[in-house]
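Reader: I should be grateful for a close look at the interior of this protein. Please state the cut-offs behind each term as it arises.

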Amino acid sequence: MIVTFLSTGLCIFLVVVLVRFLHTVWWTPIQIRHIMASQGIKGPAYRFLHGNTKEIVRMRGESISTPMDYSSHPVFARIMPDIHAWKQLYGRNYLSWHGPRAQLVVTDPELIKEIMNNKDGAYLKGRPDQFSKKLLGDGIVVTEGEKWSKLRKIANHAFYAESLKGMVPAMIASVETMLERWRQREEKEIEVYKESRLLTAEVISRTAFGSSYFEGEKIFAMLMEMGTIVARNRYKIRLPGIGKFLKLSDDLESDKIEQAIRESIIVMINKREGKMMRGEENNYGSDFLGSLIKANHDPDEKNRISVDDMVDECKTFYLAGQETTNGLLAWSLLLLAVHTDWQEKARKEVFELFGQRNPNAEGIARLKIVSIIELSYHQLLFT
């Protein structure tokens, strides 16, 4: 009788699990698709379990399999062919699927403004997957509410006009180091993307964390390795809950890297705090790291942030600041190499304004041609 009872209980449990599974991966997507279609929102068909991930991987693989035509700059269509194609097919706003999870893709400028403003808090941030969570933690990119406001206030300090002006000498020093390295290479080829990565990493290390690139090199390398794992798993769909019972190689490796990044950042924080305690410095510093440490020691508990918050914000600043600037710089150099007429215009403007002197904050703001080139980068990317 006990065996029969256990067998019955097991059967009921399995039935419940199966029903919940089918409700998540089959019934719910059908309902969402029907509701959205009734409001005029269409999109590619949902594929059981995988959604549209296999289509996206295939389309992006095909897109980058051939050399790019630089004459027309089809950048957006190349790096995001799925969005480019489905936007034309289903309209500016359409429904796609990341596994069984629905995603409303919005490309209409006015709706994007409304979503980004989000004054009433109606639009919640998307939940990061487990690998992205390890990369970004619970920092400003993913958090909301009071915690977001607190972290945003700290981050804003790094972008005040006076703070940015104070960074110019450090930026110039980093550029001079790079140019000297180039001069020593004479006629040898230079891998521009790698060089721009080194430059932006050096600038961020100097201006935001008061260290040289070599001190932050280990952190940058680990963040890049973690980013590779995130990208590798971005379109891999796992069965719901399977990660709690089965650890794959990327799970174990990402856990190891996450802990190593945390330990390296804490060493950097302790080093800055140690200088303050030994009297070598009058305060924690005016850079981004100093602002984080001050917030960690704030006497008002409402303004105080935890050590975990400090680690997450350092990771975010290292990663977001370096990768975005790196991409902008490398792509701009490529376009200037292709369009030599704009290269000459920019060079002429810089020499007319600064001569043989190093640039300064006031003069940089007056560079019209350079500003146009920067703006063109963004326009080419999203058209």
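Author: The account below takes the basis of the model and then its interior, part by part.

The model is predicted: local features require pLDDT of at least 70 and side-chain atom pairs count only at pLDDT 80 or more, whereas totals for chains, interfaces and linings use all residues. Residues are numbered from 1 along each chain as its sequence is written, and side-chain values use heavy atoms, with hydrogens and water left out.

The largest nonpolar core contains 37 residues. Such a core is a set of buried Ala, Val, Leu, Ile, Met, Phe, Trp, Tyr and Cys residues joined through side-chain atoms within 4.5 Å; buried means under 20% relative accessible area (1.4 Å probe, protein chains only), exposed over 50%, and partly exposed in between. Phe-209, Ile-265, Phe-288 and Tyr-318 have the most contacts inside this core. At least two of its residues come from each of helices H6 (130-136), H7 (145-157), H9 (192-209), H10 (213-233), H11 (249-277), H12 (288-296) and H13 (307-338). Helices (H or I, at least four residues) and strands (E, at least two) are DSSP runs numbered from the N terminus. H10 gives the largest share of the core, seven residues.

Leaving aside residues up to four places away in sequence, Phe-209 touches, among others, Met-268, Arg-272, Asp-287, Phe-288, Phe-317 and Tyr-318, where contact means heavy atoms within 4.5 Å. A second, separate core has eight residues, including Phe-76, Trp-86, Val-105 and Tyr-235.

A charged residue also lies inside. Asp-250, in helix H11, counts as buried because its relative accessible area is 11%. With the same sequence limit of four places, Asp-250 touches Phe-131, Ile-229, Arg-232 and Asn-233. Its C-alpha is 9.5 Å from that of Met-226, 24 residues away in sequence.

Strand S1 (residues 93-98) is largely enclosed by the rest of the structure, because six of its six residues are buried. In a regular strand, side chains alternate between the two faces of the sheet. Both faces of S1 are covered, with Asn-93, Leu-95 and Trp-97 buried on one side and Tyr-94, Ser-96 and His-98 buried on the other. S1 pairs with strand S2 (residues 101-106) in the antiparallel sense over six bridges; pairing requires that DSSP find at least two bridges between two strands. Gln-103 in S2 is the bridge partner of Ser-96. Two residues separate the strands of this hairpin, in which Gly-99 takes a positive phi near 65°.
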